[in-house]
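Work through the exercises below with the model open. Each task is followed by a worked solution.

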Amino acid sequence: MDRLSMSVQYVKGVGPKRAAKLRRIGIDTVEDLIYFFPRAYEDRRKFNNIYNSVDGEKASFNVRIAGHPTVLRPRRNLSILKIPIKDSTGIAYLIWFNQEYLADNFRIGEKIIVNGKVKKIANEIQIQNPVYEKEGSSNKKVGRIVPIYQLTENLTNNEMTSIVNNALKSYINNVKEILPRHIINKFNLMSVKEAILNIHFPQSRENFLRARQRLVFEELLTLQLGLFIIKNRTKSNNKGIKFVKSEDLNRFIEKLPFKLTKAQFRVLKEIEKDMESDEQMNRLVQGDVGSGKTVIAILAMFKAWKSGYQSVMMAPTEILATQHFETIKGMLDDYDISCELLVGSLSQNKKDEVLDKLEKGNIDILVGTHAIIQDTVKFNKLGLAITDEQHRFGVSQRAVLSQKGSNPDVLVMTATPIPRTLALILYGDLDISIIDELPPGRKAIETYAIGMNMEKRLTEFIKNQIKEGRQVYIVSPLIEESEILNIEACEELHKRFKNEIFKEFQVELLHGRMKAEEKEKIMNKFKDGEIDILVSTTVIEVGVNVPNSNIMVIYNAERFGLAQLHQLRGRVGRGEYQSYCILINEGKSKISQERMRIMQKTNDGFKISEKDLELRGPGEFFGTRQHGLPDLKIANLFTDIKILKIAQKEASEILSQDLYLSDKKYELMKNRIKCMFEGKTDNIIFN
Ligand code: ADP
Ligand code: MG
C-alpha cells in the first residue's frame, strides 16, 4: 500500500483523537497533511538584545532565566506569570497570562531562546506571550522562519508544526515526482521533495520562493491540463446542429434601428460560424455593460428560428427576463415568430399554457428566469440555449439548460469582464468572444464620491435634472446578507424621499420581494417616463435598460464591491444625455477609499474587474466553488497569473503532442488530474 494514503492517525504525535480533529479541516491521510501548506509565515530570524529592544517590536532573544517566577492576580479569572530573564545587556521579564503551569518549565540559570513582542511598561521590559525553546531542542520554533497553519479546534500552531515536522521526517521520501523530467529541466524547477520541505520550513526566502513557484506551477499545470482535456472531450463528443445560412438575417440587421458596432459584427460572425458548423457551439460572449449583448443574442435566436429550431434565453431576475421579452417581441414584431415569457410568478394557468405550447412546438423563443430549467419544462425542438449574465449562475445551471434539448448550441453572456488568462480557467470549456467597443455617441459617465454632508446639494442637482426631463435611480444600501433588512432600509429611504425631499415628483419603490406584476408595472412606468425617481435595492443591478435615466445614486457605496458598483453604474449612460453616478461613501477604510478612487477614475469594466480582483482576491470574486472549479491548495489565480500563463502554454504544448497523455511519463500526472477533478464534473476525463 502507498504509505502516503495511510490515515493521518499513524503520523507520530497524531493518534485517533487528533486525527478526528484534523479530519475537520480536510486532512484524512498522510498525504493530505504533507500537502496542507501554511497559510502564512513568521520570520523569527531577527535577533536582538535586551538593551536594544524596541517597544512593540517582535524579536528573538538569547537569554538565561534570572530568577524565580512570580504570579500576580489582579482580578478573578486573570493570573499573570512573570519570569525574570537576562542577557549581557540587561534584564527583562517573560509574561504569560493565565498559564501559571508554565512556571515549572524553567530552572534558574537555564539558557533559552525566546521570541515575542516587546512591551515597555514603566521602566520594565516585558516580552509577552513568547514562544520559547530550550537549548538543543529539535523542534525549532525560534530563530528561523516558522509556518503558521490554519488551525482546528484545540490544536495549536505549535502542535500542528510539530506534527507536520514528524510527517515530513517519516514520509517525505514517499512523495513522487509527478512532473516529467523534461519539464523539470525546461523550467529549472526545484524537486518536489525539496519544495515540500521548504514550503513548510523555508530555509531562506529564496528557497521559499522557489519552492512555492514549483508547487504553484505543478498545481496550475494540473488544473489547466484537466480543463483543456474536458474541453476537448465535450467538443469531440457532441455533434451539434448545423444551422443554415440565411440572407434574411442580413436583412434583419439592416432594419435594426442602429448600426452594429465592429465588435458586435465580429462576435456575430464568430457565433454564426459556430452555429453553421456541425459541432456544438459553446461560446461565451463577454462585453462591458452597455456594449450591446442583447441584440447579438436576438440575432442568434433569429438564425435558429430560420432553421426551424426553438431558442431559450435565461436571465437571472424577473425584471431582466421581462425586459428581454419585451425587447425581443418589439424587434421581431414583423416576423412570424412566437415568443413567450416564463417566470416563477406567472399564474399556474398561464404557465400550463406556455408549457403546453412549448412542447407542441408552438413557441419559437422562450425567455425566462431559472423557472426555465425545471423538469416540467419540455421543448419540442430546442436548438439554442442562451444564458444572460452568466456570472449570476453556476456552471451546473448552464449545463441543465443545455440538456433540455439534444446538444443545442450554447451561448452564455456576461458583463463581468475578466482577464483572458482567467477566462480560460473559469470558462475553460467555452470559446470566448469579446465585445470590446461601446456603441458610438456614448458619453462617459461622470462619477463622484461624496459624503452624506453633501446630500442636500445632491438633491438640488437631482431636482434640476428631473425638471429637464431626466430620470433617476437611487439604490439603497446593502445592509447585510438579510434581504428583509435591506428591503426595510429601502422602504425607509423611499418614504423619506417621497414624503419630504422629493414631494413634488413621482417617486416609486422597487425590490425583490414584490409581486412580479407589481415589479413589471413599476418598471414599465419607469420606462414610459411616468416615474421620476426609482428607489430600489440591487434588483436593478443587472441588465436593466432605460436610456432616459441619467443619474445613479448609490447610498452606502462602501458596502458594494467594485464589480457591483460598475454594474449599477451601467444602468445609466445608455442614452444621449450626460449621465452621472453619485457614490455616497461613508466608509473610512483604505479599501473603500481605493474603490471610490477607481470608480471616479475609470469607466472601463476590464480595468475595474482587474482592480476588483486585486482588492478582493479571486476566491471571493469568482466564487470558485460556484464555478465548479476544484479547490486550489497553493496557487492563487490572480496573483499567480504569470505562472498561470506559462502553465497554460505548457499545457497546450503537451496536449498538442499527446492529447490523451498516454505516454508513460504522464502517468502520475494523469492520476493527479483525476484526483483534482474527482466529483467536479460528469465528464470522464480519461477512460
Ligand atoms: P448589455 O451589453 O449591457 O446587455 P444592451 O444589450 O442592454 O447592453 O444594450 C444597451 C443599449 O444599447 C440598448 O438600448 C441597445 O438597444 C443599444 N445598442 C446596442 N447595440 C447598439 C449599437 N450598435 N448602436 C447603438 N445602440 C446600440
Ligand atoms: Mg445585458
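**Exercise 1.** Determine the handedness of the crossing of α9 and α10 in this predicted model, then classify their angle.

*Solution.* Start with the handedness. Helix α9 passes α10 in a right-handed crossing. Next, take the geometry. Helix α9 spans residues 293-306, and its axis comes within 11 Å of that of α10. The two axes cross at roughly 55°. Now classify. Angles under 35 degrees count as roughly parallel, and 65 to 115 as roughly perpendicular. The angle of roughly 55° fits neither class, so α9 and α10 are oblique to each other.

**Exercise 2.** Repeat the analysis for α10 and α16.

*Solution.* Locate the helices: α10 covers residues 318-331, and α16 covers residues 516-527. Their axes come within 10 Å. The crossing angle is roughly 55°. Therefore α10 is oblique to α16. Finish with the sense of the crossing, which is right-handed.

**Exercise 3.** Is α8 roughly parallel or roughly antiparallel to α9?

*Solution.* Helix α8 runs over residues 262-276. Its axis lies 10 Å from that of α9. The packing angle is about 30°. The cut-off for roughly parallel is under 35 degrees, so α8 is roughly parallel to α9. The crossing of α8 and α9 is right-handed.

**Exercise 4.** Describe the surroundings of ligand 1, from its shell to its polar contacts and its burial.

*Solution.* Begin with the shell. There are 16 residues around ligand 1. Those that come nearest are Lys 259, Gly 290, Thr 294, Arg 442 and Asn 545. By class, the shell holds 4 nonpolar, 7 polar and 5 charged residues.

Now go through the contacts to oxygen atoms of ligand 1:

- Gly 292 uses a backbone N or O atom, at 3.0 Å.
- Asn 545 places a polar side-chain atom at 2.8 Å.
- Arg 574 has a side-chain N or O atom at 3.2 Å.

Close with the burial. Taken alone, ligand 1 exposes 560 Å². The protein buries 85% of that area.

Notes:
Residues are numbered from 1 along each chain as its sequence is written. Chains are lettered from A and ligands numbered from 1 in the order in which they are written. This is a predicted model: local features need pLDDT of at least 70, side-chain atom pairs count only at pLDDT 80 or more; totals for chains, interfaces and linings use all residues. Side-chain values use heavy atoms; hydrogens and water are left out. A residue is near a molecule or strand if one of its heavy atoms lies within 4 Å of it. A polar contact is a pair of N or O atoms within 3.5 Å; within protein, one must be able to donate a hydrogen and the other to accept it, and residues adjacent in sequence count only if both atoms are side-chain atoms. Accessible areas come from the Shrake-Rupley method with a 1.4 Å probe; for residues, only the protein chains shown count as cover. Ala, Val, Leu, Ile, Met, Phe, Trp, Tyr, Cys and Pro count as nonpolar, Asp, Glu, Lys and Arg as charged, and the others, Gly among them, as polar. Axes are lines fitted to C-alpha atoms, for helices over the stretch in contact, and angles run from 0 to 180 degrees between N-to-C directions. Helices (H or I, at least four residues) and strands (E, at least two) are DSSP runs, numbered from the N terminus. Angles under 35 degrees count as roughly parallel, over 145 as roughly antiparallel, 65 to 115 as roughly perpendicular and the rest as oblique. A crossing is left-handed if the near helix is turned anticlockwise from the far one by less than a right angle, and right-handed if clockwise.
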